[in-house]
Amino acid sequence: MAISNKNARGHTSYWASIGHRLSGLALAAFIPFHFLVLSLAVNDRTSLDGLLSLADQPLFKIGEWGLVVLLVIHMAFGIRVLILELVPWRHGKDGRTNLVWVGVIAAIMIGIYFLVRAF
């Protein structure tokens, strides 16, 4: 019988891994829409112009903000995983869990900057 460690779910690194996975899934769900817009740019300029005018609406600006935040979260937590895998461990608690907060703060700051520039 396997022993489950429910305390691990409260650890910061656990939530960083969940954030990395969920942001990756959300970005993967966005890819087909992105390719659709790219195909409009190549094949049908009038449809693209209509879509671009729709993209100037505030709801789409908020959606773009969410996309930017997801990209930053995925990138920051991905870099964290690379650091955990490639940099040698010195001892058990060497402050690497603080990298989670660096990613969260970066996502918040870049998200706020993008939102301010969008409006």
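This section describes helices α3 and α4 and a nonpolar surface patch in a predicted model.

Helix α3 comprises 29 residues, spanning positions 58-86. The distance from its first C-alpha to its last is 42 Å, close to the 42 Å expected at 1.5 Å a residue. Along α3, the buried positions are Lys61, Val68, Val69, Val72, Ala76, Phe77, Gly78 and Arg80. These buried residues of α3 pack against two helices, α1 (12-43) and α4 (98-118).

Helix α4 has 21 residues, and its C-alpha atoms reach 30 Å from first to last, close to the 30 Å expected at 1.5 Å a residue. Burial in this helix involves Val100, Gly103, Ala107 and Gly111. Viewed down the axis of α4, these buried residues fall within an arc of 60 degrees, and therefore line one face of the helix. The packing partners of the buried α4 residues are α1 and α3. On the face of α4 turned away from the buried side, the exposed residues are Val102, Met109, Ile112, Tyr113, Val116 and Arg117.

A nonpolar patch is also present on the surface, formed by Ile62, Trp65, Leu115 and Phe119 and covering about 370 Å². Of these patch residues, Phe119 is located in the segment after α4. The relative accessible area of Phe119 is 57%, above the 50% cut-off for exposure, so this residue is classed as exposed.

Notes:
Residues are numbered from 1 along each chain as its sequence is written. This is a predicted model: local features need pLDDT of at least 70, side-chain atom pairs count only at pLDDT 80 or more; totals for chains, interfaces and linings use all residues. Side-chain values use heavy atoms; hydrogens and water are left out. Helices (H or I, at least four residues) and strands (E, at least two) are DSSP runs, numbered from the N terminus. The expected span of a helix is 1.5 Å times one less than its number of residues. Buried means under 20% relative accessible area, exposed over 50%, partly exposed in between (1.4 Å probe, protein chains only). Contact means heavy atoms within 4.5 Å. The arc is that of the directions from the helix axis to the C-beta atoms. Patches are made of residues with over 30% relative accessible area and no salt bridge: like charges are joined within 9 Å, nonpolar side chains (Val, Leu, Ile, Met, Phe, Trp, Tyr) within 5 Å. Accessible areas come from the Shrake-Rupley method with a 1.4 Å probe; for residues, only the protein chains shown count as cover. A salt bridge is a side-chain nitrogen of Lys or Arg within 4 Å of a carboxyl oxygen of Asp or Glu.
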